[in-house]
Amino acid sequence: MSEPATVPTALLVMEEERRADVYPPEALAGIGRLVHWQGPPRTREQLAADPSVLDGVEILLTGWGAPVLDAGLLGHAPALRAVLVAAGSVRHLTTPAFWERGIPIVSAAAANAVPVAEFTLAHVLLGLKQVHRVARDTASSRAFPRDVAVPGAYRSRVGLLGLGHIGRLVAAHLARFDVDVLATDPLATPESAQRAGVRLVGVEELFATCHVVSLHAPLLPETRGTVGERLLGSLGPGATLINTARGALVDEAAAVRVLRDRPDLTAVLDVTHPEPPDHDSPLFDLPNVVLTPHIGGAMGAERNRLGLLVRDELDRFVRGLPLQHAIDPGHAASLA
């Protein structure tokens, strides 16, 4: 990467705990060749204590623990030209005051989608073999059942609720297998679905006919609690539900009722609402729930991808090239 003719001033603000993973030396070295640092990295709390440090800052780099870009904070940053976020969602940090400024904001959602899609693919394949159900049955019977009936990964149906970054990437992974991939997404067109290699169906057909259903929808007022008793109860024998999106997409009380009544079903829940579940939540006790603590997204060295994406976007920005991962303000409200 060549150094720009005019070097912009930048500041890195994010939580300290994950900073070294998100911005590894490789990423910081590349960024350092493109910008003049306003000072050492800061946390959101340190910035709140002295927001005047934003004066003259043109590029705000951030990640987990990002500051909220409200009118008060933006008032200290009159020179701000771009915000680059080494994390997935930007909904929690953007405000109407920010969008009014017309400042481009980059999300590393595409980089965070990679491990989520890999995690999902692993559980889809396990679900098609009904590994969790068979393991439960084997342990309870203390014997190996003969001629186990499972759909397997041949012409079985996998359903995706949502075709955003992660949904499309999961579909791309599944294209290597001989399975039928269905999807439900009100924003998807037949053309975009065809490019993703999926067939669009209604949500009722998705749940009633797929051997595995994986959730990848954003949490919006209209999607909260979408997956309730009716849809879960319509799942076929031995089906698997995977949620790596947002816990509140699932009506937990309804899910508990169905999973208690249907021990053949398996729910792989990497996200819950609340997160973590309440201490006395039945999710901890149900044998057909696989509960993981939000590990589907970027962990450890996987987080390096996010900072490297930001570095590459910064390089494009300072050279006046189109950004590849900027958020379209018109679609921001529908993103996760």
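Let's start where H6 meets H8. From H6, the contact residues are Ala-109, Ala-110, Ala-113, Val-114, Val-116, Ala-117, Glu-118, Thr-120, Leu-121 and Val-124. From H8 come His-165, Ile-166, Leu-169, Val-170, His-173 and Leu-174. Contact here means heavy atoms within 4.5 Å. By type, this contact has 12 nonpolar residues, three polar and one charged.

A word on the source. This is a predicted model, where local features need pLDDT of at least 70 and side-chain atom pairs count only at pLDDT 80 or more, while totals for chains, interfaces and linings use all residues. Residues are numbered from 1 along each chain as its sequence is written, and side-chain values use heavy atoms, with hydrogens and water left out.

Now the geometry. H6 spans residues 109-128, and H8 spans 165-174. They pack at about 50°, axes 8 Å apart. That makes H6 oblique to H8 (outside under 35, over 145 and 65 to 115 degrees). The crossing of H6 past H8 is right-handed.

Next, the largest nonpolar core. A core is a set of buried nonpolar residues (under 20% relative accessible area, 1.4 Å probe) joined through side-chain atoms within 4.5 Å. This one has 31 residues. Leu-206, Phe-207, Val-213, Leu-215 and Leu-232 touch the most other members. Elements giving two or more residues are H10, S9, H11, H12 and S11. H12 gives the most, with four.

What does Phe-207 touch, not counting residues up to four places away in sequence? Val-213, Leu-215, Val-227, Leu-231, Leu-232, Ser-234, Leu-235, Gly-236 and Leu-241.

Apart from this core lies another, of 23 residues, including Leu-12, Tyr-23, Ala-86 and Ala-111.

Technical notes. Axes fitted to C-alpha atoms, helices over the stretch in contact; angles between N-to-C directions. Left-handed = near helix turned anticlockwise from the far one by under 90°. Nonpolar A, V, L, I, M, F, W, Y, C, P; charged D, E, K, R; others polar. Buried < 20%, exposed > 50% of the residue type's maximum accessible area, 1.4 Å probe, protein only.
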